Structures are given as structure tokens and as C-alpha cells.
Protein chains: 2
Amino acid sequence: MDTHPGATLAQLLLAGFTTLVDEVVVELEREGHPGVTATHAFALDAIDAGAQSASELGRSLGVSKQAAAKTIAALEELSYLDRRADPQDARRKYLTVTDRGHEMMAIGEGAFDAYRTRLAGQVGTRALHSLENVLRILTTQQV
Amino acid sequence: MDTHPGATLAQLLLAGFTTLVDEVVVELEREGHPGVTATHAFALDAIDAGAQSASELGRSLGVSKQAAAKTIAALEELSYLDRRADPQDARRKYLTVTDRGHEMMAIGEGAFDAYRTRLAGQVGTRALHSLENVLRILTTQQV
DNA sequence: AGCAGTCGGACAACCTAGTTGTCTATTGTC
DNA sequence: GACAATAGACAACTAGGTTGTCCGACTGCT
């Protein structure tokens, strides 16, 4: 039935990601946050979790500092971030998440979690935990 | 430990995809097929499986016919495809996979399958089947 | 047989999310 | 004080898509 099991696995992983993300983006738009992408949401999470400069954000997301700077510019434009001079280090621009940024994060997280909970209801908590465990092994080990 | 389970699931899915694909691209390069991307390999699979025109390929991959045409142009440039006039329909350009294309497909599939088999060895066949089942539900149903 | 509508393909302009390379200003280290 | 490392800005580029427009070829209907 499936003549390409390995390639199918890859396509399933990508399709799963886009399905989940599309759902969340639609929900964010419905809740008053149009123009937000998954990249934005992940970056804002990383900044709120401690990445306080473009270089640091790039390292934390695994992309170049230039790419991180572009994402930061977009988030600032959408009023999700403030950039201020760092009094300790004149090279840096200190990043803080605005109130609107925290609101967007909460809605995004809520939508992600709600989807995950619905999925758990359909396939069972054990199957979902098993999936997450397999993916963690896939991404962190030499398989 | 994980304060964002839903977002983490999305990131795991994407990271799983890129891990798998990067591995295969490296293997293809090592086996004499540099410049091949996952997009190319998936498109060639779809063409070999019956998508015989740019429009049809686009529908089968879920992208616009223009995007499919760009991928086809790249595959033709890399000598993985032939485009010939269709005697039955002068609008169409009939697509056939070359010998080198079939060789590349075989290597790509082999690399994908080998990785999947190694993963099954680490986590068990049941866990892998369960993962694929969950992803199929995630991508094909209204969850 | 004619004609309207659909379909395949090409071309252009644009977008997103990244890349590398180069540059300046600042900071930390010996 | 010299010098390497770091933060950020700017430019040019790439991949892989998108819409919109257009034309020529086919198809179904009357």
C-alpha cells in the first residue's frame, strides 16, 4: 500500500506541523492578532524565556543573527516587542515583550494546547506521549 | 518542565522533519546527487507515481501550478526529467523520469527507509506505527 | 459548426524566511 | 594600550512559494 514508508514519514511530519500551525494562525487572527506567523510566536516565546538580544535569539532558534534581527523588526512593527538601549552594554538593544505581546503569546499557546488536547482525546494520551517521545529521540540523538 | 506542550509538539514535528530530510540530502550528495532538495525528491516521486504535467503535479503536491513548474524546471536542469510534447494534447508537456532520476529516487528512498528502520530499532515498531497513525489522523481529520 | 468556458503553460512581480559577506561601534582580555 | 570577540546594521542573494495576467488548445453544449 505504501511503497515509500520513509519518505511518507517525512511528509507526515511536515504535514502535521503545517496543519497544527495553520490552525493556530487562524485562531490568532480570529482573536485580534492578524499577520502573526508561527515564526513570530516561537521567537516571542524564546525572547520571553530569556533571549534578550538579536544574537542571543538567533542562537536560541538556531538561525543567523541577521534572520533573528528580521524577525525582531517584524515583532516590533506589530507592537509585540520593545527595543531599548541596554545601559550595561551600548552595543546591545534590550528586548522586552509588550502587554500585547503577552496577550498574543497566551492566545497562541492556548490554541496550540487546545489542539493538542483534542488530538489526545482522539488518539489517547499514551499514543500522544509516545509520539512526542519518539520525536525527541529522533531530534536529539544520532539515530 | 514543559510549560508550552502544544507549541513544543509543533516544534518537535518540524524538527523531526528537518532532521530526517537533512540526513537524506547529505546521503544523496555523498552518492553523487548534489543539489537535490527534499522538494525535488517528493516531486519526482509524485511524477513517477502518475503526475504527468505541471498542473497535475501542483494539485498532487498541494501547491500552485506555477510553483510546480519551477520545481519541474529545476528537475529538468538537473537531468532528472524529460519534457516532451504530448501528441494527444498540444497544451501539455509530457513528463518522464530519466534513468538518472530513477537512480536518485532509489537512493533517496533507500536513505529515508534506512533512517526509518534505524528509528524503529530504537523505539520499537509499535511506537513508530502509532506515531504514523496519529499523524495520519492529525492531517486528514478535523481534530 | 460555432462558441463559451475550462485547462495547460509561460511570464512577471512579489513575499517570507532564511543565507553569506562586509562594516562599524563597543566591549573584554592580555 | 593593542587586539580579538561581540552586537547590530545593511546589502545582495537564494529557495520555494504566492497572485495576476495572458495565450493557445481542448471540450461540451446548443
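This passage walks through how two protein chains and two DNA strands come together in a predicted model. Residues are numbered from 1 along each chain as its sequence is written, while chains are lettered from A and ligands numbered from 1 in the order in which they are written. Because the model is predicted, local features need pLDDT of at least 70 and side-chain atom pairs count only at pLDDT 80 or more, whereas totals for chains, interfaces and linings use all residues.

A good place to start is the pair of protein chains. A turn of 180 degrees, with a shift of 0.0 Å along the axis, lays chain A on chain B with an RMSD of 0.1 Å (copies are superposed by least squares on the C-alpha atoms of residues with pLDDT of at least 70 in both). The two copies are therefore related as by a two-fold rotation axis. Both copies use the same surface, since 100% of the contact residues of chain A recur in chain B; here two residues are in contact if their C-beta atoms, placed from the backbone, lie within 7 Å.

Between the chains, 40 residues of chain A are in contact with 40 residues of chain B. On the chain A side, at least two residues each come from α1 (5-30), α2 (38-48), α5 (99-123) and α6 (125-140); helices (H or I, at least four residues) and strands (E, at least two) are DSSP runs, numbered from the N terminus. Helix α1(A) supplies the largest share, 15 residues. By class, this side has 25 nonpolar, 8 polar and 7 charged residues, where Ala, Val, Leu, Ile, Met, Phe, Trp, Tyr, Cys and Pro count as nonpolar, Asp, Glu, Lys and Arg as charged, and the others, Gly among them, as polar.

The largest nonpolar core has 78 residues. Such a core is a set of buried Ala, Val, Leu, Ile, Met, Phe, Trp, Tyr and Cys residues joined through C-beta atoms within 7 Å; a residue is buried if 20 or more other C-beta atoms, placed from the backbone, lie within 10 Å of its own, exposed if 12 or fewer, and partly exposed in between. Ala10, Leu13 and Phe17 of both chains A and B have the most contacts inside the core. Leaving aside residues up to four places away in sequence, Leu13(B) touches Leu13(A), Gly16(A), Phe17(A), Leu20(A) and Leu135(A).

Turning to the DNA, 20 residues surround strand D, the closest being Ser53(A), Thr37(B), Ser64(B), Ala67(B) and Ala90(B) (a residue is near a strand if its C-beta atom, placed from the backbone, lies within 6 Å of it). Helix α4(B) gives the most to this surface, with 4 residues. DNA strand C is surrounded by 21 residues, with Thr37(A), Ser64(A), Ala67(A), Ala90(A) and Ser53(B) the closest. For strand C, the largest share, 4 residues, comes from α4(A). The surface near strand D has 5 nonpolar, 8 polar and 7 charged residues, and the one near strand C has 5 nonpolar, 8 polar and 8 charged.

Finally, two local details of chain B can be found in the structure. In helix α3 (residues 54-61), the buried residues are Ala54(B), Leu57(B) and Gly58(B). They fall within an arc of 100 degrees seen down the axis of α3(B), so they line one face of the helix; the arc is that of the directions from the helix axis to the C-beta atoms. These buried residues pack against α2 (38-48) and α4 of chain B. Arg91(B), in the loop between β1 (81-85) and β2 (93-97) of chain B, counts as exposed because it has 8 C-beta neighbours inside 10 Å.
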